[in-house]
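Me: I'm new to reading protein models and I'd like some help. Could we go through a few features together, one at a time?

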Amino acid sequence: MKLLSGAIAAVDHGGSLGRASTLFPHAPQPFVDLSTGINPHSYPLFDLPATALSRLPEAGQLRELAEIAAAAYGAPSAMHVAAAPGTQILLPRVASLVRPGKALVLGPTYAEHARAAAIAGHAVAEVSNFDALAEANLAVLVNPNNPDGRVIEKPRLLDLAARLRAKGGLLVVDEAFMDVGPIEQSLAGDIGAGGIVVLRSFGKFFGLAGVRLGFALTDPLTSERLDAQLGPWAVAGPALEYGIRALSDAKWQADMRQLLARDAGRLDTLLGRFDVPVAGGTSLFRYLSLAEASTLFSALGERGVLLRHFAERPQVLRVGLPGNEAEWQRLEGALAGWAAQREDAPRESSR
């Protein structure tokens, strides 16, 4: 068990091009940003009605969004859905659903869960053993996990939820990447008994992170409680418009899953050509574990290709998908440059 005494401190994340420019000031621009798990093939943009910007969002639109989200994610009904301006804003609110106690996060994983639990007043620790989560008042895991893609099977999750519920605890399952995961392992359809909150992210799969839209799927009383905390007009007009249209578009979603699977296979092949082993991930990102991870991160960054590195785990990297042929070519060229540099290194050291 890893105690997280400084869990409230700000967390470094991928996707910061300003930070990338500071780290690699001489890199060719623009960066090929592969540091996030956001779909590079975004849902098609469309013209918004003027009222999406000029008027406050209508309650009827929010109800419509909740109904569509429930159908898309497999929740029992719209009453089981709380919509928010991104799942990030939900994290401390969800952690506050149980009184301060012992929060355990299954890690390594997305660091904001521990920070949110600490903000909510919990004593937070990270555990690597799933069974240890039963000792918590608040248990949190990401499924599929970020960054390694680990999946915990539904029967184990339901058993854990029952054990926590029996003592007034809460299980939080962050399914931010379940759009490209094994949907049969989702807990979205099992939230009615209480004691479970499932988080779903809109921006990652639909490639519209800037829209800021996310959902908590839970029992109706808890959903109502979260709605009350968020207050009126929590979801902006443009987010309502995009959420309603994109979540209703089943064909786009099915076609996109196929495209992402093909792109992920292409990425595996490309990395394999340069002897970079893929240790896990989803079809939105690949997880690398290798001794040369820091060198690879720096070599590609200097060539304008940004990967996600983890300061506390220097041997691992996460690699997102290039969005077009030009980005694929830049990634291939950067890998080739790193490989040549790696081959030359022993010769230089022997001189």
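**Reading the features step by step**

Reply: Sure, let's start with a cavity. Helix 4 (91–95), helix 5 (112–119) and strand 6 (138–142) each supply at least two residues of the lining of the second largest cavity. Keep in mind that this is a predicted model.

Me: What do people do to find such spaces, and how many cavities of 30 Å³ or more does the structure hold?

Reply: The general idea is that rolling a probe the size of a water molecule over the atoms shows where empty space is left. Here the structure holds 2 cavities of 30 Å³ or more. The second largest cavity has about 70 Å³ of space. Its lining includes Leu 91, Val 94 and Ala 95, along with His 113, Ala 116 and Ala 117. Leu 138, Val 140, Val 172 and Leu 199 belong to the lining too.

Me: How many nonpolar, polar and charged residues are in that lining?

Reply: There are 9 nonpolar residues, 1 polar residue and no charged ones around the second largest cavity.

Me: And how about the second largest pocket: how much space lies in it?

Reply: About 440 Å³. The second largest pocket has 23 lining residues, and those nearest its centre are Ala 59, Leu 62, Arg 63, Val 81 and Asp 227. Helix 3 (59–73), strand 3 (81–84) and helix 8 (220–230) each give at least two residues to that lining. By class, the pocket lining has 16 nonpolar, 2 polar and 5 charged residues.

Me: Now helices. Which residues of helix 10 are buried?

Reply: First the general idea: an α-helix has 3.6 residues a turn, so residues three or four places apart point the same way. In helix 10, the buried residues are Trp 252, Gln 253, Met 256, Leu 260, Asp 263, Ala 264, Leu 267, Leu 270 and Leu 271. Helix 10 covers residues 250–273, which makes 24 residues. From first C-alpha to last, helix 10 reaches 35 Å, close to the 34 Å expected at 1.5 Å a residue.

Me: What comes after helix 10?

Reply: Asp 275 follows, with a positive phi near 60 degrees. That's a positive value in a residue other than glycine. Asp 275 sits in the loop between helix 10 and strand 10.

Me: Is Asp 275 buried or exposed?

Reply: The cut-off for exposed is over 50% relative accessible area. Asp 275 has 61%, so Asp 275 is exposed. Compare Arg 212, also not a glycine, with a positive phi of about 60 degrees. Arg 212 is in the loop between helix 7 (203–206) and strand 9 (214–217), and at 40% relative accessibility Arg 212 counts as partly exposed.

Me: What about Thr 282, buried or exposed?

Reply: Thr 282 is buried, with a relative accessible area of 7%. Thr 282 lies in strand 10 (residues 278–282). Leaving aside neighbours within four places in sequence, Thr 282 is in contact with Pro 144, Gly 149, Phe 177 and Val 180. Its side chain also reaches the backbone nitrogen of Leu 284 at 3.1 Å.

Me: Last one: which residues does a cis peptide bond join?

Reply: One cis peptide bond joins Gln 29 and Pro 30, with omega about -5 degrees. Pro 30 is in the loop between helix 1 (17–23) and strand 2 (32–33). Another joins Gly 107 and Pro 108, where omega is about 0 degrees. Pro 108 is placed in the loop between strand 4 (102–106) and helix 5.

Conventions:
Residues are numbered from 1 along each chain as its sequence is written. This is a predicted model: local features need pLDDT of at least 70, side-chain atom pairs count only at pLDDT 80 or more; totals for chains, interfaces and linings use all residues. Side-chain values use heavy atoms; hydrogens and water are left out. Helices (H or I, at least four residues) and strands (E, at least two) are DSSP runs, numbered from the N terminus. The expected span of a helix is 1.5 Å times one less than its number of residues. Buried means under 20% relative accessible area, exposed over 50%, partly exposed in between (1.4 Å probe, protein chains only). A polar contact is a pair of N or O atoms within 3.5 Å; within protein, one must be able to donate a hydrogen and the other to accept it, and residues adjacent in sequence count only if both atoms are side-chain atoms. Contact means heavy atoms within 4.5 Å. On a 1 Å grid over the protein atoms alone, a cavity is a set of points where a 1.4 Å probe fits but cannot get out, and a pocket is an open set with protein on both sides within 12 Å along at least five of seven lines; lining residues have an atom within 4 Å of a point. Grid points are joined across faces, edges and corners, and a volume is the space filled by probe spheres set on the points. Ala, Val, Leu, Ile, Met, Phe, Trp, Tyr, Cys and Pro count as nonpolar, Asp, Glu, Lys and Arg as charged, and the others, Gly among them, as polar.
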